[in-house]
Amino acid sequence: MTDDVLIVGAGPTGLTLALDLARRGAAVRIVDKSPAHPRTSRAKGPNPRSLEILADLGVADEVLAAGSAPLPMRVYRDHRPVAETDPWADAAPTPAARFDRPWLIAQWRLEEILRARLAGHGVRVELGRDVVGLAEGAGGHHVDVTFAEGRAERARYVVGCDGAHSPVRKLLGVTFEGTTADDQVMVSGDVELDHEELGRDRWHQWFDTDGAVMLCPIPGTRTGWWFQAGPERDADGRPLAPTLDGFRRLFTRHTGLPGRHLTRAELLSTYRVNVRMADRYRVGRVLLAGDAAHVHAIAGGLGMNTGIQDAFNLGWKLGQVLAGQADAGLLDTYEEERLPVAAWTLDLTSDRLRATLEAIREPGGNLGSAMTPETAGLGIGYRWSSLADTRAGAGANAEAATEADTATSAPHPGDRAPDAPCRDAATGERTHLYGTFAGPHTTVLGFGPASAAVLREVAATYGKGPGVRACRVYAAHEDHGTAEPGSLIDDQGHAAAAYGIGAGGSGLVVVRPDHHVGIVAPAGDPGSVREYLRRLHGVPGMVDAVR
């Protein structure tokens with residue numbers, strides 16, 4: 001039996017990809033070399049863009065319930081509190097983005113939620129499976145995969161989501177160029193603390209001239225904390241390996257509190273700043289995602305988030321190819337889009353690390369320096385991509401714009417599609433655009449009466465399959481008495497404003513399954529929409545024989 005996709009690595013990246021593919025009906029398997037599911041907290045949680053993805057996958061509510069909002073930071077110097085700050089104090093949801101801040105949740109808990117959702121599709125992680133060989137199969141239509149126990153299996157595609165030391169990447173011979181900063185070292189682990197004076201409503205940060213300790217409470221635990229610190233060093237200045245006793249000494253030195261209050265430490269690790277990136281994301285039928293493709297400084301918390309967003313970009317493309325609706329060339333756009341994002345992320349996180357290290361030299365400086373609007377992930381787009389179709393013109397909506405700047409406010413092809421609150425035209429219930437986007441389909445938004453004919457054509461062409469959804473967005477003043485199912489009422493005008501539609505205007509927007517704009521076209525230009533949909537979804541009833 002040949003599986004559609006074998007995913008190697010069951011962290012957040014691999015689980016996101018597996019879940020996206022499973023809901024598309026792909027025959028997906030996911031393996032991990034670990035003998036048991038990890039209980040490590042590691043990454044502190046999803047950023048706003050990743051929360052949008054998790055909402056699309058149907059798990060955001062559970063993630064929000066299991067975690068907590070990011071905490072204010074209390075900063076100490078010489079054992080005394082010197083400052084308190086909340087980097088998210090001024091953040092608020094907007095019509096275009098419901099999630100306004102990252103969310104604290106232990107990585108093991110996030111993985112647990114994703115695994116449970118995946119199991120609902122009949123897919124479970126296979127533990128203790130170590131991939132040791134990859135070879136292109138006869139005819140080039142599959143990959144032969146060899147496991148450490150000697151068993152050989154095959155899949156149409158393999159995706160390495162197996163971390164920074166990725167065996168899949170090494171088997172492919174893909175280079176992982178970059179640098180390791182041996183002088184920038186941190187020890188970390190999950191600890192238990194029984195000292196009640198340290199409130200769990202703050203992220204406590206002690207920055208002294210001779211080192212630092214940071215303690216952040218782990219949501220969902222009574223006494224669990226993330227512990228991060230500058231390491232102890234030997235007489236020659238070399239960092240010592242982390243231990244419970246070492247953590248206690250660091251705790252006492254920087255907090256002034258007795259080390260005995262730190263009762264347990266586990267999952268201890270030494271972190272060195274690595275800034276590295278794969279030179280390719282695809283070799284034939286094998287692809288890389290997450291830390292297997294890029295690693296960078298932890299400042300800004302983008303490691304896990306970039307991996308989740310890799311997976312969401314790749315999932316729908318693999319799904320289209322496996323379904324025979326697009327040729328394998330669509331997979332080349334994964335590297336085309338995500339590799340430049342990785343390069344940008346390496347630069348951004350390195351810059352934020354420098355800013356943070358500079359900030360904490362002064363009393364009151366804190367980790368908030370690592371957070372910027374860019375770290376929310378909502379501004380990431382792919383305007384350079386070959387899937388960002390600009391032939392219809394970014395100003396397609398401007399034909400009916402009444403203000404000079406309306407067209408320029410519209411998203412460009414490749415940009416993240418903005419959200420907007422609306423009402424369901426059939427029920428009158430409140431909803432939002434991302435509720436329409438959610439699921440394994442492309443969405444065609446139609447504004448104004450002139451868009452109706454194109455939407456009818458889209459519905460007639462693709463309506464019987466799950467691949468494309470046509471959605472008429474009515475202005476508040478329009479008659480929607482005969483609205484098609486799934487139509488929306490833009491009762492507050494936020495959707496029209498977000499997409500640059502002027503008063504009484506019209507236009508068409510194709511939104512890809514990963515929430516990015518594919519094409520913006522005038523309402524009277526069915527040809528552009530038709531051609532773009534054929535590129536992504538083919539012609540219904542026709543299946544590409546070579547997948």
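Ala, Val, Leu, Ile, Met, Phe, Trp, Tyr, Cys and Pro count here as nonpolar, Asp, Glu, Lys and Arg as charged, and the others, Gly among them, as polar. Keep that sorting in mind for the close-ups below, which come from a predicted model.

**Figure 1. A look inside the largest cavity.** A search of the whole structure turns up 3 cavities of 30 Å³ or more. The largest cavity holds about 80 Å³ of space. Its lining is made up of Arg49, Ile53, Gln309, Phe312, Asn313, Arg338, Gly377, Ile380, Tyr382, Asp514 and His516. Two or more of these residues come from each of helix H2 (48-56) and helix H7 (303-322). H7 gives the largest share, with 3 residues. Sorted by class, the lining has 4 nonpolar, 4 polar and 3 charged residues.

**Figure 2. Into the second largest pocket.** Here we've moved on to a pocket, the second largest one, with about 420 Å³ of space. It has 18 lining residues, and those closest to its centre are Leu455, Ala459, Ala470, Glu484 and Pro485. Helix H11 (452-462) and strand E20 (468-475) each put at least two residues into the lining of this pocket. The largest share belongs to E20, which supplies 6 residues. As for the mix around the second largest pocket, count 10 nonpolar, 4 polar and 4 charged residues.

**Figure 3. An open sheet of 8 strands.** Follow the strands across the sheet and you'll read the order E4-E3-E10-E11-E12-E9-E13-E16, with mixed pairing. At the edges are strand E4 (80-85) and strand E16 (294-295); each has a single partner strand, so one side of each has no neighbour in the sheet.

**Figure 4. Zooming in on one strand pair.** Strand E10 (residues 203-208) and strand E11 (residues 211-217) sit next to each other in the sheet order. The two pair in the antiparallel sense, over 5 bridges. For a spot to find by eye, try Gln205: its bridge partner in E11 is Met214.

**Figure 5. A helix laid across the sheet strands.** Which strands does helix H6 (residues 244-255) lie across? The list is strand E9 (176-193), E10, E11, strand E12 (224-229) and strand E13 (262-278). Relative to E13, helix H6 runs at about 90 degrees. You've already met E10 and E11 as the antiparallel pair with 5 bridges.

How values were computed
Residues numbered from 1 in each chain as written. Predicted model: local features only at pLDDT ≥ 70, side-chain atom pairs only at ≥ 80, totals over all residues. Heavy atoms only, no water. 1 Å grid on protein atoms, 1.4 Å probe; cavity = no way out; pocket = protein on both sides within 12 Å on 5 of 7 lines; lining within 4 Å. Points joined across faces, edges and corners; volume = space filled by probe spheres on them. Helix = DSSP H or I, 4+ residues; strand = E, 2+ residues; numbered from the N terminus. Pairing = 2+ DSSP bridges. Contact = heavy atoms within 4.5 Å. Axes fitted to C-alpha atoms, helices over the stretch in contact; angles between N-to-C directions.
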